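Colleague: I would like to go through the terms used for this model. Please set each one against its definition.

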Amino acid sequence: MPQMRIVLDEDRCVSSGQCVMTAEDYFDQREDDGVAVVLREEVDNSAVDRIRRATDLCPGQALRLAN
Ligand code: SF4
């Protein structure tokens, strides 16, 4: 399986924090405005389901998985 990577559209992020709660090893939030930060762009195969859940939960539709 090709390695998936996380793509974040900062302009769509509404700083809700679901991504951090779902995968704090992949996401953080900026101190000042809460916009998401991707800590690790490349997703381990074992974490793909978890990251997909984070993208599904994102209320701003700011996250997606890409090859
Ligand atoms: S779940 Fe989506 S909207 Fe919420 S902080 Fe993460 S990227 Fe931003």
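Modeller: Two strands pair if DSSP finds at least two bridges between them. Strands (E, at least two residues) and helices (H or I, at least four) are DSSP runs, numbered from the N terminus. The model is predicted: local features need pLDDT of at least 70, side-chain atom pairs count only at pLDDT 80 or more, and totals for chains, interfaces and linings use all residues. Residues are numbered from 1 along each chain as its sequence is written, and side-chain values use heavy atoms, with hydrogens and water left out.

Colleague: What makes β1 and β5 a pair?

Modeller: 4 bridges join β1 to β5, and at least two are required, so they pair. The two run antiparallel, with Val7 opposite Arg64 in β5.

Colleague: How do you know that β1 (residues 4-8) pairs with β4?

Modeller: 2 bridges join these antiparallel strands, so the condition of at least two is met. Met4 stands opposite Val43 in β4, and Arg5 stands opposite Glu42.

Colleague: Why are β4 and β5 placed at the edges?

Modeller: The open sheet of 3 strands has the order β4-β1-β5. β4 (42-43) and β5 (63-66) each have a single partner strand, so one side of each lacks a neighbour in the sheet.

Colleague: What makes the shell around the ligand uncharged?

Modeller: Its residues divide into 7 nonpolar, 4 polar and no charged. Asp, Glu, Lys and Arg count as charged; Ala, Val, Leu, Ile, Met, Phe, Trp, Tyr, Cys and Pro as nonpolar; the others, Gly among them, as polar. The residues around the ligand (a heavy atom within 4 Å of it) include Cys13, Val14, Gly17 and Leu63.
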